[in-house]
Amino acid sequence: MIDEPAGDDLERDLKALLRMADRRDVLRWMVGASVIPLIGCGGGSDGASDAGSDSGVSSCSKIPEETQGPYPGDGSNGPNALSVSGIVRSDIRSSVGGASGVADGVPLTLELTLMNSNARCAALSGYAVYVWHCNRPGQYSLYSAGVTGENYLRGVQVSDSAGKVSFTSIFPGCYSGRWPHIHFEIYPSLAAATDHSNAVLTSQFAMPEEACKAVYAATPGYEASVANLPRISIGSDMVFRDNSADEVKMMTPVLTGSPANGYAAGVTVGIAV
């Protein structure tokens, strides 16, 4: 049985969304809906930017902000993984700081490129990105029964001169009540990435449906996801459903790969700084 957002936890997540609704509406009026191109994928074979197209979108418009959810592990709701020794790492499949668990699943490499939406898409170097998501059965380390002593599938990386960070992880499972997703927070520096209040952006990525179906159907350990996925959609998900179609595209990486060989995804994240 999966110990994940339902009942009180689901209600708390929804209330968090409602608290930020007015702020997000204002942001939409300021920046408008837009599509962020996905590295290595998208409409053109060369992954070219959509900037300058008839839609008037920018290649680095600010990605929508979203709730951090009930299991952030950033000190805002119980445990703080940001203070754990070894949390700054690229491969987040194993636990650190004395814990020894390893999260199994289909390999997933996620590359984010941070750009300043207020400065003509200038690369943001030296920013810290904290990423976390559930494991194959749909559990969150530090919180879910059986894995409270683990901190896998959580990690921090600092953007390079091109604004890039990369994480090696697994394809997240689908638990009851949520579309498969990955959480992230962005901090202005590694020194600031110690407390949730220092984050300059908090959001989530929605995993693409085709890849979800392929992974869950073909891979042992994702059995619960096979049952949960047909019960939810991006349009009905409590986080993604209040976004426009263009915003959902910004938040949905297009993956390359297969369940047998693993997946790679890259996405540009616009931040207003």
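I started at a single pairing: His181 has Ala206 in E8 as its bridge partner. Worth noting up front that this is a predicted model.

Next I looked up the strands around that pair. E7 covers residues 181–187, and I count it as antiparallel to E8, with six bridges between the two.

Then I widened the view to the sheet. E7 and E8 belong to an open sheet of four strands, ordered E5-E4-E7-E8, with antiparallel pairing. I checked which strands sit at the edges: they are E5 (154–158) and E8 (201–206), each paired on one side only. For the twist I got an average of 20 degrees from one strand to the next.

I stayed with E5 for a bit, as Val158 lies in that strand. Where does Val158 turn up on the surface? I found Val158 in a nonpolar patch with Val88 and Leu190, and together they have about 210 Å² of accessible area. I wanted to see how Val158 qualifies: patch residues need over 30% relative accessible area, and Val158 has 33%, so I put it down as partly exposed.

Last, some totals for the protein. I tallied five helices and ten strands. How much of the protein counts as buried? Of its 273 residues, 50% do. I also noted an exposed area of about 11,300 Å², with carbon and sulfur atoms supplying 52% of it. On contacts, I took those with a separation of 6 or more and found that 76% of them are between residues 24 or more positions apart.

Key. Residues are numbered from 1 along each chain as its sequence is written. This is a predicted model: local features need pLDDT of at least 70, side-chain atom pairs count only at pLDDT 80 or more; totals for chains, interfaces and linings use all residues. Side-chain values use heavy atoms; hydrogens and water are left out. Two strands pair if DSSP finds at least two bridges between them. Axes are lines fitted to C-alpha atoms, for helices over the stretch in contact, and angles run from 0 to 180 degrees between N-to-C directions. Patches are made of residues with over 30% relative accessible area and no salt bridge: like charges are joined within 9 Å, nonpolar side chains (Val, Leu, Ile, Met, Phe, Trp, Tyr) within 5 Å. Accessible areas come from the Shrake-Rupley method with a 1.4 Å probe; for residues, only the protein chains shown count as cover. A salt bridge is a side-chain nitrogen of Lys or Arg within 4 Å of a carboxyl oxygen of Asp or Glu. Buried means under 20% relative accessible area, exposed over 50%, partly exposed in between (1.4 Å probe, protein chains only). Contact means heavy atoms within 4.5 Å.
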